[in-house]
Amino acid sequence: MDESEFLSIIALITAQTGIVPRESHKIGIKNFIEKRLKEIDTQGLPYHSYLRLNKEEFDLLINAATVNETYFFREEAQFQLLKDKIFPELRAKLGTSPMRIWSAASSSGEEIYSLYLLAQSLNIKSECIASDINSSVLEKCRAGLYASSTTKKIDGAKFHYLLAPFQKADKSVSFPAAVSNKIERKQLNLSDQAAVFPKDLSLIFIRNVFIYFTMEMRRQILEKIVNESLNSGGYLFVSMSEIASIEKSIIPKELEKCSDGKVFYFRKK
Ligand SMILES: C[S@@+](CC[C@H](N)C(=O)[O-])C[C@H]1O[C@@H](n2cnc3c(N)ncnc32)[C@H](O)[C@@H]1O
């Protein structure tokens, strides 16, 4: 594969997903393509043309091109704020209606299970949705089986007591169907303006994904979330390390930036 063919493929990834791969990720993408070119018959087409005609192949490439790192109760300070302030406030506001929660770039699901378990522990009825562009991580979320490496001692450990009922002796986590069936899963490309975003949400976690997008793409996604998904008085969290990279000019006027100690978040007016 020559350099111009590779650049066409990277341009296609960016056009279809919003992801602008970093130099370090490009190496992995190149290795994946070279492996695939040995395995498949593109019938004489350059790989970028083959990708345009073959959605399954494009999905495989995206599964290889995305960075899926995640773990339970990541950024525990945010979970502490949910526990102490935001969940009680939303519960009082919602009454008997369920609290709808969306993990909008869920990866393999540790984030949405963390949110579900926290809500359960506070006797809050929730409806939880996990979405991601990557089909293989969503399959992992469906299975609900996690190696011990998806818990971290330095961050999130404060809430590991909520995982304890589902942990085996080796500390791996296995959710029974009664729990995993509570999570709705959806393959969804956030950068697709025609995508149907979940509606009527009280809480959206969209963490550690904006870093892969251009500022304009971040703006479009925030606007679509505010217009289509987040209820008034609802909350939106990005990762604590991303908050500084959300320029003021791209924040929709309906979203106010709030802080509590070192935790920053957004609330829809
Ligand atoms: C680093 S993980 C973040 C997981 C979790 N939110 C967390 O903070 O631990 C980033 C996720 O964003 C997903 N992603 C990347 N581009 C996306 C897009 N255009 N639409 C939806 N998900 C996307 C990736 O597949 C990956 O699973």
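A polar contact is a pair of N or O atoms within 3.5 Å; within protein, one must be able to donate a hydrogen and the other to accept it, and residues adjacent in sequence count only if both atoms are side-chain atoms. The model is predicted: local features need pLDDT of at least 70, side-chain atom pairs count only at pLDDT 80 or more, and totals for chains, interfaces and linings use all residues. Residues are numbered from 1 along each chain as its sequence is written, and side-chain values use heavy atoms, without hydrogens and water.

**View 1. Polar contacts of the ligand.** A polar backbone atom of I133 lies 3.3 Å from a ligand nitrogen. For R207, a backbone N or O atom is 3.0 Å from a nitrogen atom of the ligand. N68 brings a polar side-chain atom to 2.9 Å from a ligand oxygen.

**View 2. The shell around the ligand.** The ligand has 21 residues around it (a heavy atom within 4 Å). T70, R74, A105, D132 and N208 come nearest. The shell holds eight nonpolar residues (Ala, Val, Leu, Ile, Met, Phe, Trp, Tyr, Cys and Pro), five charged (Asp, Glu, Lys and Arg) and eight polar (the others, Gly among them).

**View 3. Cysteines.** A disulfide is a covalent bond between the sulfur atoms of two cysteines. The whole structure has zero disulfides (cysteine sulfur atoms within 2.5 Å). C141 is in none, and its nearest cysteine sulfur, that of C128, is 10 Å away. C141 is buried (under 20% relative accessible area, 1.4 Å probe, protein chains only), at 0%. C258 is also buried, at 15%.

Technical notes: Buried means under 20% relative accessible area, exposed over 50%, partly exposed in between (1.4 Å probe, protein chains only).
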